[in-house]
Amino acid sequence: ASVTVGGIADDANIEGITVINGRVSIDGKDVPPNVTRYKSPKTGKVYLIERKGGSVSVSEAGGVK
């Protein structure tokens, strides 16, 4: 057995937004720091990502189907 602090297991089934230490993951996939709009291949949802200094804001784009 092992313990990992601040990480997510590679085989974890994740849906949604995860922000750890300024790193953004959506549905378990890391999003590069320069990306401001991301469409999840898993769910098809579109997310808007805004980074200011050390803060990160992620919201789901409305009206996209």
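# Close-up views of a six-strand predicted model

Read from the beginning of the sequence to its end, the protein chain follows the pattern β-β-β-β-β-β. The model shown in these views is a predicted one.

**View 1. The whole protein chain, with six strands and zero helices.** Of the 65 residues in the protein chain, 22% are buried, and the accessible surface comes to about 4900 Å², of which carbon and sulfur atoms hold 48%. Among the contacts in the protein chain with a separation of 6 or more, 19% are between residues that lie 24 or more positions apart. The pLDDT, which is the predictor's confidence in each residue on a scale from 0 to 100, averages 85 over the protein chain, and 82% of the residues score at least 70. When the elements are compared by their mean pLDDT, β1 has the lowest value, 89, and β4 has the highest, 96.

**View 2. The open sheet formed by three strands in the order β1-β2-β3.** The pairing in this sheet is antiparallel. Strands β1 (17–20) and β3 (29–31) stand at the edges, and because each has a single partner strand, one side of each is left without a neighbour in the sheet. From one strand to the next, the twist averages 30°. As a general point for reading such a view, the strands of a sheet pair through backbone hydrogen bonds, in either a parallel or an antiparallel manner.

**View 3. Strand β2 beside β3, with the residues that link them.** Strand β2, which covers residues 23–26, runs antiparallel to β3 and is joined to it by three bridges. Within this pairing, S25 stands opposite D30 of β3. The side chain of D30 also takes part in a salt bridge with the side chain of R23, with a distance of 3.1 Å from N to O. R23 has a relative accessible area of 51%, and it counts as exposed because this value is over 50%. This contact between R23 and D30 belongs to a total count of two salt bridges.

**View 4. The open sheet of three strands in the order β4-β5-β6.** In this sheet, too, the pairing is antiparallel. The edge strands are β4 (37–39) and β6 (55–60), each of which pairs on one side only. The twist from one strand to the next averages 25°.

**View 5. Strand β4 and its partner β5, joined by three bridges.** Strand β5 covers residues 46–52 and runs antiparallel to β4. Two of the residue pairs can be followed by name in this view: the bridge partner of K39 is V46 in β5, while R37 stands opposite L48, also in β5. The hairpin of β4 and β5 has six residues between the strands, and in it G44 takes a positive phi near 80°.

**View 6. Strands β5 and β6, paired in the antiparallel sense over six bridges.** These two strands form a hairpin with two residues between them, and G53, which lies in the turn, has a positive phi of about 60°. Along the pairing, E50 has S57 of β6 as its bridge partner, and K52 stands opposite S55, likewise in β6. As a general guide to the side chains in such a view, those of a regular strand alternate between the two faces of the sheet.

**View 7. The salt bridge between K52 and E50.** The closest N and O atoms of K52 and E50 are 3.2 Å apart. K52 has a relative accessibility of 59% and counts as exposed, whereas E50, with a relative accessible area of 40%, is partly exposed. The two residues fall into separate classes because exposed means over 50%, and partly exposed means between that value and the 20% under which a residue is buried.

**View 8. G62, in the segment after β6, and its distance from L48.** G62 lies in the segment that follows β6 and counts as exposed, at 67% relative accessibility. Although G62 and L48 are 14 residues apart in sequence, their C-alpha atoms are 9.9 Å apart in space. L48 is also the residue of β5 that R37 stands opposite, and so a reader can find L48 again in the view of β4 and β5.

Conventions. Residues are numbered from 1 along each chain as its sequence is written. Side-chain values use heavy atoms; hydrogens and water are left out. Helices (H or I, at least four residues) and strands (E, at least two) are DSSP runs, numbered from the N terminus. Buried means under 20% relative accessible area, exposed over 50%, partly exposed in between (1.4 Å probe, protein chains only). Contact means heavy atoms within 4.5 Å. Accessible areas come from the Shrake-Rupley method with a 1.4 Å probe; for residues, only the protein chains shown count as cover. Two strands pair if DSSP finds at least two bridges between them. Axes are lines fitted to C-alpha atoms, for helices over the stretch in contact, and angles run from 0 to 180 degrees between N-to-C directions. A salt bridge is a side-chain nitrogen of Lys or Arg within 4 Å of a carboxyl oxygen of Asp or Glu.
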